[in-house]
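Good morning, and thank you for making room for me today. I would like to walk you slowly through one protein chain, beginning with its charged side chains and ending with its overall form.

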Amino acid sequence: IQKVPLNDMSKQILSELPRTENSFVFPGKKDEPLKNIYPALRRIRKNAGLPKDVRPLHSLRHAYASKLASEGVGLYTVQKLLRHSDPRMTQRYSELADQALKDGSKLAGKLFSQLKEKSSEQIIKIG
């Protein structure tokens, strides 16, 4: 069994879900776990007005990975949270937001400017 830690918000949401007598978060019929979530996902997609080709769970995982990567969480950590065995799959899920790319480019420019200044200082000291 692989475990993924739940954050406080997830714990709160799960604790506020209506409960039946069994211990399942998503109960099915006759006190058994829910076995087929696809009818519910189709209803969610329809009620949200999403196109038929949208896969809600895939979209949620994609958004989760992209947001974490854009906020600077390392891809190895994102990989473990998503339970991907191959880091290439995580890279496909973790598209960076435009702002994260701009921030990264800005930081690279700043670092290169600092290197340039240090090189200039060393040349002056030598000469």
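What you see is a predicted model, and by the rule used here the count of salt bridges in it comes to three. Let me take them one at a time.

In one of them, the side chains of Glu 32 and Lys 35 meet, with 2.8 Å from N to O. If we ask how open these two partners are, Glu 32 turns out to be partly exposed, with a relative accessible area of 34%, whereas Lys 35 reaches 67% and counts as exposed, because the cut-off for exposed is over 50%.

Another salt bridge joins Lys 67 to Glu 71, where the closest N and O atoms lie 3.1 Å apart, and here both Lys 67 and Glu 71 are exposed.

The remaining pair is Arg 88 with Asp 86, whose side chains meet in a salt bridge at 2.8 Å, again taken from N to O. Arg 88 is exposed, at 58% relative accessibility, while Asp 86, at 27%, counts as partly exposed.

While we are speaking of charges, let me add the view over the whole protein chain, which has 24 positive and 13 negative charges, with mean positions that are 5 Å apart.

Now please look at the loop between helix H4, residues 75-82, and helix H5, residues 87-93, since that is where Arg 83 is found. Which sign does the phi of Arg 83 have? The value is near 65°, so it is positive, and this in a residue other than glycine. As a general point, most residues other than glycine have a negative phi. Arg 83 itself is partly exposed, with a relative accessibility of 48%.

Staying with helix H4, we come to Gln 79, which is found in that helix. Is Gln 79 buried or exposed? Gln 79 is buried, because its relative accessible area is 7% and the cut-off for buried is under 20%. If we leave aside the neighbours within four places in sequence, Gln 79 is in contact with His 84, Ser 85, Asp 86, Pro 87 and Thr 90. Asp 86 in that list is also the residue that meets Arg 88 in a salt bridge.

Further along the sequence, Asp 103 has its place in helix H6, residues 98-126, and is partly exposed at 41% relative accessible area. The C-alpha atoms of Asp 103 and Ser 70 are separated by 9.8 Å, although the two residues are 33 apart along the chain.

Let me finish with the form of the whole chain. Its secondary structure comes to six helices and zero strands, so that, in the order of the sequence, the pattern reads α-α-α-α-α-α. How does the radius of gyration of the protein chain stand against that of a compact globule of 127 residues? The globule would have a value near 14 Å, but the protein chain has 23 Å. Along the principal axes, the C-alpha atoms fill a box of roughly 85 × 35 × 30 Å.

Of the 127 residues, 13% count as buried, and the chain exposes about 11100 Å², with carbon and sulfur atoms supplying 58% of that area. Finally, if we take the contacts between residues at least 6 apart in sequence, 33% of them join residues at least 24 apart.

How values were computed: Residues numbered from 1 in each chain as written. Predicted model: local features only at pLDDT ≥ 70, side-chain atom pairs only at ≥ 80, totals over all residues. Heavy atoms only, no water. Helix = DSSP H or I, 4+ residues; strand = E, 2+ residues; numbered from the N terminus. Rg over C-alpha atoms; globule rule 2.2 N^0.38 Å. Buried < 20%, exposed > 50% of the residue type's maximum accessible area, 1.4 Å probe, protein only. Contact = heavy atoms within 4.5 Å. Areas by Shrake-Rupley, 256 points an atom, 1.4 Å probe, with all protein chains shown as cover. Lys, Arg positive; Asp, Glu negative; His and termini not counted. Charge placed at Lys NZ, Arg CZ, Asp CG, Glu CD. Salt bridge = Lys/Arg side-chain N within 4 Å of Asp/Glu carboxyl O.
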